[in-house]
Amino acid sequence: MKDSLFTKAAFSEQTERPPVWMMRQAGRFMKEYWDIKNKYSFLEMCKTPEIAADVTMLPVDLLDIDAAILFSDILVTGEAMGGQLSFTQGVGPKFANPVRTQADVDALDTDVVHKLQYVADAIKVIQQRLNGKIPLIGFAGAPFTVMSYLVEGGSSRDFKLTKLMLHNEPELAHQLLAKIAKVTAGYLNLQIEAGVNAVQIFDSWAQALAWDDYKEFSHRYIAEIISNLNRTDIPVISFCKGSSVFAPLMAEAKPDVISIDWNVDLADMKKRLPQGIAVQGNLDPHILYADKKVIKERIHRLFDSMRGQSGYIFNLGHGIMPDIPFDNVKYAVEVIKEYRY
Ligand code: CP3
């Protein structure tokens, strides 16, 4: 995979155009996703390798993107550790047994990577289907973001209980984060061993944190995970919402690529990062609701601004929303694939 457009850009090599993939590219904005989703629960889809492979392949076959991303969820690590996880339509993820006390943290198991074997099995099926066409990206949630779901018991607007634990009981928070980090490193190594060609760490809710708290409770665990990966030629992408602020610190964890949100000028951010760190991003996903003329203009504006910089992968600043018209996503991919620097 070292000659693929995606891998070249991830390792900061020059490419003739930016490679393209999109966070949440295998999801609800596609009719074909619903055809599968209407038959199975979300967790059944994740845990059945053939189905996870079918869903992973949807954007490969229908959008012709430059990298596939494993169909799974960041919360499977929390489930493997003992969280009682469910996904309900319109409600989102729930842990029925939130982790809030010392006893709750002690009860979480870390010798659990074998429970995630279904993910390794899915990766093997997907790689057979991809047959070397494009790279496959594996992923995991960052400890802080996974912790927030475990502590809150689900999605949260303000992360009140999570932050309260960081502030009032920092030692307990560190015990919890260290446990998640250990499982996450083992889990990503399982994915690497099963054959993924890149990994992305999702710290979706890091933007809720103050700089000092990000440094103490998120950044250091991501750095620990990256340093524990068994890899030579597999790029690591570090994603967080809040990267327009945190990226210079994220760079210290030594990822190959930093995925940038849409609040910052991407070319300017790239110049502020150390040599050899590529960037991914950073179109506002709402642009994909707009008229095609606007979609093309904004993509060209972004790419023109990145001209002359090696190490750039197109993506959205965050995931595709479920009601974005499929046709617009397809059009965006076509515009990107026609572009030349
Ligand atoms: O990107 C991809 O296409 C690969 C698959 C993927 C999913 N979740 C599938 C999914 C990935 C990479 C994720 C990561 C994930 N999961 C994140 C980090 C990425 C981000 O967007 O910040 C987070 C925070 C989660 C937790 C999670 N999973 C939430 C909050 C939800 C509900 C979201 C909602 O909008 O309802 C999920 C469910 C989920 N994960 C779905 C999919 C396709 C929807 C399931 C359904 O069909 O109802």
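This is a tour of a predicted model, taken selection by selection.

**The sheet**

Begin with the seven strands that form an open sheet, and colour them in the order S1-S4-S5-S6-S7-S8-S9. The pairing in this sheet is parallel. At the edges sit strand S1 (68-69) and strand S9 (312-316), each of which pairs on one side only. When you show side chains here, keep in mind that in a regular strand they alternate between the two faces of the sheet.

Next, select residues 257-260, which are strand S7, together with residues 278-283, which are strand S8. Four bridges link S7 and S8, and the sense is parallel. For a single pair to zoom in on, take Ile-260, whose bridge partner in S8 is Gly-281.

Stay at Gly-281 and look at the backbone. The peptide bond that runs from Gly-281 to Asn-282 is cis, and its omega is near -20 degrees. Asn-282 itself is placed in strand S8.

**A helix across the sheet**

Now add residues 170-194, helix H10. This helix lies across two strands, S4 (136-141) and S5 (198-203). Relative to S4, H10 runs at about 170 degrees.

**H8 and its two neighbours**

Keep H10 on screen and add helix H8, residues 143-152. Two packed helices are described by the angle between their axes and the distance between the axes. For H8 and H10 the angle is about 120 degrees and the axes are 9 Å apart. An angle of about 120 degrees lies outside the 65 to 115 range that counts as roughly perpendicular, and H8 and H10 are therefore oblique to each other. H8 passes H10 in a right-handed crossing.

Show side chains at this contact. On the H8 side are Pro-143, Phe-144, Val-146 and Met-147. They meet Leu-176, Leu-177, Ile-180, Ala-181 and Thr-184 of H10. Sorted by class, the contact of H8 with H10 has eight nonpolar residues, one polar residue and no charged residues.

Then bring in helix H9 (160-168). H8 and H9 have axes 8 Å apart and pack at an angle of about 110 degrees; these two helices are therefore roughly perpendicular to each other. From H8, Met-147, Ser-148, Val-151 and Glu-152 make the contact, and from H9, Leu-161, Thr-162 and Met-165. The contact of H8 with H9 divides into four nonpolar residues, two polar and one charged. Met-147 of H8 is listed in the contact with H10 and also in the contact with H9.

Before leaving, select Phe-159, in the loop between H8 and H9. Phe-159 is not a glycine, yet its phi is positive, near 55 degrees.

**H4 against H7**

Move to helix H4 (residues 49-63) and helix H7 (residues 117-130). Their axes come within 8 Å and cross at roughly 50 degrees, which makes H4 oblique to H7. The crossing is right-handed.

In H4, display Pro-49, Glu-50, Ala-52, Ala-53, Thr-56 and Met-57. Facing them in H7 are Tyr-118, Asp-121, Ala-122, Val-125, Ile-126 and Arg-129. The residues of the contact of H4 with H7 comprise eight nonpolar, one polar and three charged.

**The hairpin**

Select strand S2 (residues 85-88) and strand S3 (residues 92-95), an antiparallel pair joined by four bridges. Phe-87 stands opposite Pro-93 in S3. The two strands S2 and S3 form a hairpin with three residues between them. In that turn, pick Gly-90, which has a positive phi of about 85 degrees.

**The ligand**

Finish at the ligand, which has 23 residues around it. Those that come nearest are Ala-26, Gly-27, Phe-202, Ser-204 and Gly-319. Colour the shell around the ligand by class: eleven residues are nonpolar, eight are polar and four are charged. Phe-202, among those nearest the ligand, falls within the range of strand S5 (198-203), which H10 lies across.

Key: Residues are numbered from 1 along each chain as its sequence is written. This is a predicted model: local features need pLDDT of at least 70, side-chain atom pairs count only at pLDDT 80 or more; totals for chains, interfaces and linings use all residues. A residue is near a molecule or strand if its C-beta atom, placed from the backbone, lies within 6 Å of it. Ala, Val, Leu, Ile, Met, Phe, Trp, Tyr, Cys and Pro count as nonpolar, Asp, Glu, Lys and Arg as charged, and the others, Gly among them, as polar. Two strands pair if DSSP finds at least two bridges between them. Two residues are in contact if their C-beta atoms, placed from the backbone, lie within 7 Å. Axes are lines fitted to C-alpha atoms, for helices over the stretch in contact, and angles run from 0 to 180 degrees between N-to-C directions. Angles under 35 degrees count as roughly parallel, over 145 as roughly antiparallel, 65 to 115 as roughly perpendicular and the rest as oblique. A crossing is left-handed if the near helix is turned anticlockwise from the far one by less than a right angle, and right-handed if clockwise.
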